[in-house]
Amino acid sequence: MKKMYFALAAFLMTVTAFSQGPITGTVLDGDTNTPLPGATVMVKGTTNGTSTDFDGNFTINTSAESGTLVVSYIGFNSKQIAFTASGNIGSVVLEPNAEELEGVVVTGILDIAKDRETPVAVSTIRAAEIQEKLGSQELPELLKSTPSIYATKTGGGFGDGRVNVRGFDSRNTAVMVNGIPVNDMENGAVYWSNWAGLGDVTTAMQVQRGLGSSKLAISSVGGTINVITKSTEKEEGGTVTLGGGNDGYLKTTVAYNTGKSDKGFAASVLLGRTAGDGYNYFIGLGYEPNEKHNFQFVLTGAPQVHNQRTSSFFNVATLADHLEYGAKYNYNGGTLNGEEFGWRRNFYHKPITSLTWEWKASEKSTLSTSAYASFGRGGGTGDIGSGPSFGFASSSRYRIPETGQVDYDLISRFNGGEAVTFYDGNDYQLSPNGDGEYITTSFGDGLARRASINSHNWFGVIANLNTQIDEKWSYDVGVDLRSYKGIHYRRMDNLLGADGYFDDDDINNPTHVIRDGDTIDSDFSSIVNVFKSIDDEEKIDYYNDGLVRWTGAFGQVEYTDGVVSAFVQGGISNQGFKRIDYFNYLDSDPLQETDWENILGGNIKGGANFNLNEANNVFFNAGYYSKQPQFDAVYINFQNELNPDLTNEKVLGLEMGYGLNLGDFRAKVNIYRTTWKDRFVRIGVETPTGDEGNANINGVEQIHQGIEIEADYRASDVVQFRGMLSLGDWEYAGNAFGQALDDDRNVIDPDVTLFLDGVKVGDAAQFTTNLEMIIRPIEDLKISANLYNASRLYAFLNAEDFDSADNQGSLRLPSYTLFDLGAYYTFGFGGNNKLSIAANVNNLFDTEYIAESLTNTFADGNGSTYEGISTNNKVFFGFGRTFNVSARYSF
């Protein structure tokens, strides 16, 4: 009998040993039948999980004799796979679902919209598409196939691209990286050059149009762009990627993941370099000591220096210049001492680091906390001075007629005191001062290059407690704390042959002269060290700090039962503003530093989704924002002058949508209306009697409404079609009124009117379409052809320019159509080794088109025109045909 018990015990121990062995498998993309790296594999009902490696393979240990694996990946429907023992379960095929985002990062902080559940309009671009199509494009350019998105290269420099959502620019479109807001806290802007390396580490990019699902009281008037980076990989492996393209584009990246150790540690590192002074890095460290705690540390940045062809209207080429010198003509370009040189140059380094802690406090509650810091260093260069006879840096007298390039050597000779003949045929010579030095100034002869610095220190904490009350009800509560300091000044970058530069703008040092030893080159070395002191830098023109404090709280209640899902959420925030001006006020003047100006704001929104059946769903949402004004509307006239008419902007958003999912055919239709009221505008006024002053106008209103359609049709295993159409009607509503005051607060004009009623909002195409055909003729080969059209595109305009009733409204630019072509192939070498090749040609037919106009000048019948547009307008053409090829080796 004892022997029988012993044998039974040995048998049970053997079974247990086998059941505790690893379960392995491979996760595949149902669209392409290729591996899905980074997919999440969890044992259902537990916190035991892992991620697939770069070849879609996973290994997970479990002590259970049987159970269910839940496999999920951003952009795909989750799948549950039963297991009864250890071993290889084979391939798990996930079907695409463009809106399903689960389980990649801490979801308590990152607000991800889910298909047939979250009632918002949403589109998602996942990592595979980014790797295939990005090439030499900007990350925002990949969004142009999304409804109501308009993206361009703008100046065409490294990271100069921009994106508008439903007609709203980045200042009113929230951009989040792993749930952390990155819009500038003073003006709301997002500069994509600061994030030039995100494309290499992005797991998915989700655009939530409209007020979105974020619980934070953020600037999501037009929408929210969620960029989700890779988490720390749990499997060992790496990649090497090499890409090249037109105009000498070359980029190299190397990445490696250590895999998760027995003690729960893991690390991921990526380094990249783009031809020229462009780099990017990503460091991720993970630690999971037990099932209740998970820590993720991320550091990423992209220090870069690049020349620009954009800035002020003076330094942007006219349409006539573009036609004469080519679509890529740089109005600022030229050479100095045989080296490339230009007035405009961007240099910036904005590393962001975050530490995220997810604590599963109980079976029902999870606390997610993310502490982050960002140190932005850099700015942009430009011309300073007036030139001979009080000309401008853009004057044709400095330009070589045959090329349109600026002759910087000629300017340098003039600044050095040499008598020179400029291209206007006249002779000029700079006079020396009493000491025989050749000193340039901002108000006299001579030209130099200055750098405008816009650095910042930014710290924040976001915490969210999620509690699952029961299977249907849950709630969230949290806080959003931020502290920001913007540092603004100018310094001398290049004297261009002069002995010095005289500056009298600092009231504390009115006879300041900058000499060669005081200049700082705006090169790569000037931005690498983000902790370098600026105290010893010689400053000119202006020097001030902008301080912003943000204290916010939010909450949400959510209900879902598989058929109906609904939510109500609200947030409140107190935004404090302070300004310190070191140049316009004496150091002894108490007015040099303002008191804190605190302004309350907040939002409330809600919505519901109804799954009518397995194929049909409808949703609606509505929301109201009371949005604090931006920094320049709080302190006006570039001084410590508090705006006496401070008013919060009001935003009301309404939206409805319908979804159809028939398996091989899916479609979505959304209609929306966003009203944006009480925008602040300040304009200069001169009365007929010669009195001068300013008018504060708070009543500017915009209405953005439209319809969006998306569809995806898999005609066969070989052919697939994707398409979208968006039709917007974005315009100003009603005229706006105010009164003009002089510097002594006396009313000089009681009735100042901006005639805006019915004027179209500019700077983004209001009608866009996109049709993509994807062909998979053989396994591992994918060919994509894409047809894109943009029309009803209006020029950029300033509301303050419409102070006359006889204005002509918004200038409509010509429509254009682009055709892109791409091919992607993967070679397998056995094991985890593979080589992926991606090749893209954008604007295959080299179509010439105007992407945007910075001016709103109508043809008067006397001047020259281009397709009906006055050639006096300052425009940017598209870049013509571009191409890129990349090879990615995974091991």
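**A tour from a surface patch to a small sheet**

Begin by selecting Val 240, Val 254, Tyr 256, Phe 827, Phe 829, Tyr 889 and Phe 891, which together make a nonpolar surface patch of about 610 Å². As you look at these residues, keep in mind that this is a predicted model.

Stay with one member of the patch, Tyr 889, and colour strand β55, residues 882-890, to see the strand in which Tyr 889 lies. Is Tyr 889 buried, exposed or partly exposed? Its relative accessibility is 33%, and because partly exposed residues fall between the 20% and 50% limits, Tyr 889 counts as partly exposed.

Next, select the loop between β50 (834-842) and β51 (850-853), and within this loop pick out Asn 843. Asn 843 has a positive phi of about 55°, although it is not a glycine. The loop between β50 and β51 also holds Asp 846, and here again you will find a positive phi of about 55° in a residue that is not a glycine. Which of the words buried and partly exposed belongs to Asn 843, and which to Asp 846? Asn 843 has a relative accessible area of 3%, which is under 20%, and is therefore buried, whereas Asp 846, at 41% relative accessibility, counts as partly exposed.

Now move to strand β20, residues 304-307, and select His 306, which has its place there. His 306 counts as buried, because its relative accessibility of 7% is under the 20% limit. If you also show the side chain of Gln 304, you can trace the polar contact of 2.7 Å that joins it to the side chain of His 306.

For the last stop, select the three strands β29, β32 and β33, which form an open sheet in that order, with mixed pairing. The edge strands are β29 (439-441) and β33 (512-515), each of which pairs on one side only. Looking from one strand to the next, you should find a twist that averages 30°. Strands of a sheet pair through backbone hydrogen bonds, and they may do so either parallel or antiparallel. How do β29 and β32 run, and how many bridges join them? Strand β32 comprises residues 500-503, and three bridges join it to β29, the two strands running parallel. To finish, select Thr 440 together with Tyr 501, since Tyr 501 in β32 is the bridge partner of Thr 440.

How values were computed. Residues numbered from 1 in each chain as written. Predicted model: local features only at pLDDT ≥ 70, side-chain atom pairs only at ≥ 80, totals over all residues. Heavy atoms only, no water. Helix = DSSP H or I, 4+ residues; strand = E, 2+ residues; numbered from the N terminus. Buried < 20%, exposed > 50% of the residue type's maximum accessible area, 1.4 Å probe, protein only. Polar contact = N/O pair within 3.5 Å; in protein donor to acceptor, adjacent residues only side chain to side chain. Patch = residues over 30% accessible without salt bridge, like charges linked within 9 Å, V, L, I, M, F, W, Y side chains within 5 Å. Areas by Shrake-Rupley, 256 points an atom, 1.4 Å probe, with all protein chains shown as cover. Salt bridge = Lys/Arg side-chain N within 4 Å of Asp/Glu carboxyl O. Pairing = 2+ DSSP bridges. Axes fitted to C-alpha atoms, helices over the stretch in contact; angles between N-to-C directions.
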